[in-house]
Amino acid sequence: MRKIAPILLFTSSLLLLFSIYSIINWFEENKENEIAKNHSIEVTNIKEENKEEIYPYLYTDFTTLLNENKNVKGWIQVPDTNINYPVLQYTDNDYYLNHNYYNQHSTAGWIFLDYRNSIHTQDMNTIIYAHNRLDGSMFYTLKNTLTEEWNNHNKYIYFNTLKDMNTYEVFSVYTINAKEFKSITNHNTEKEYQKYLDDIINKSIIPLNVQISTTDKILTLYTCTMNNIDRTILHAKLIQTKSNR
């Protein structure tokens, strides 16, 4: 028993030190991401405009961001949330789960575009992923869109690419078990696409009554929930596109 006690004490001390390190590292990673986000907003000269267009759009200048990170592919903004970030893309959907805007290892990750999507063509379904961070960063506030209050005051979200300034109208919001999510970017037939649209519209926890057809292009935002089993999903259809050049 005397021999076991020092071992238990040593093990407990190591676990305590590791826990303290993990907590400090968590806060540091969040702080680094917040600095990167604020910097990105400043140098991108973001502003909402509504000149002669029917719907508002978001003006963005990617010049500085592209000089900093060649993986920048666009900008996502969801009104009345903290979601206002440059969107990155890698050759898989794993890299930016644990790398930040500067491509440094970070458990906070960054917001990223599905590797199968192209910013040069409009896929049927453009998918953007991010972590749900407890400090309110990344896609934590995507859950705001699950309320009637948010949907009563907001209709449009923005995803600009290097090529276009795009305005989307939200038509479905819900939570789903991670195993049930279908990460499909394109469908082989119109019938398949219609079936997919019907399915995600029926899943919405709020009836948004937005007309949508197989000629529409959609945007999907995806993040985990607090139980890490379910996922929060938002779908919006493209209603306006304007050259970003």
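Which residues touch the most other members of the largest nonpolar core? In this predicted model, the core has 58 residues, and the ones that touch the most other members are Ile-76, Trp-110, Ile-111, Ile-128, Ile-157 and Leu-221. Strand β8, running over residues 164–177, gives the most to this core, with six residues. That fits a general pattern: in soluble globular proteins, nonpolar side chains tend to be buried together.

Ile-128 gives a good look at this core. Setting aside neighbours within four places in sequence, Ile-128 is in contact with Ile-76, Val-87, Ile-111, Phe-112, Leu-113, Phe-139 and Phe-159, and also with Leu-219, Thr-220, Leu-221 and Tyr-222.

Ile-76 turns up again around a polar residue, Asn-84, as one of the contacts made beyond four places in sequence. The others there are Lys-37, Ile-41, Ile-46, Trp-75 and Gln-77. Asn-84 sits in strand β4, which covers residues 84–88. With a relative accessibility of 15%, Asn-84 falls under the 20% cut-off and so counts as buried. Its side chain has polar partners all the same: one polar contact goes to the side chain of Trp-75 at 2.8 Å, and another, of 3.0 Å, goes to the side chain of Gln-77.

Then there is the empty space. The largest pocket has a volume of about 190 Å³. Its lining includes Phe-112 and Tyr-222, both of which are also in contact with Ile-128. Among the other lining residues are Asn-93, His-131, Cys-224 and Arg-231. Strand β9 (residues 218–224) supplies the largest share of the lining, three residues. By type, the lining divides into six nonpolar residues, four polar and one charged.

Note on methods. Residues numbered from 1 in each chain as written. Predicted model: local features only at pLDDT ≥ 70, side-chain atom pairs only at ≥ 80, totals over all residues. Heavy atoms only, no water. Helix = DSSP H or I, 4+ residues; strand = E, 2+ residues; numbered from the N terminus. Buried < 20%, exposed > 50% of the residue type's maximum accessible area, 1.4 Å probe, protein only. Polar contact = N/O pair within 3.5 Å; in protein donor to acceptor, adjacent residues only side chain to side chain. Contact = heavy atoms within 4.5 Å. 1 Å grid on protein atoms, 1.4 Å probe; cavity = no way out; pocket = protein on both sides within 12 Å on 5 of 7 lines; lining within 4 Å. Points joined across faces, edges and corners; volume = space filled by probe spheres on them. Nonpolar A, V, L, I, M, F, W, Y, C, P; charged D, E, K, R; others polar. Core = buried A, V, L, I, M, F, W, Y, C linked by side-chain atoms within 4.5 Å.
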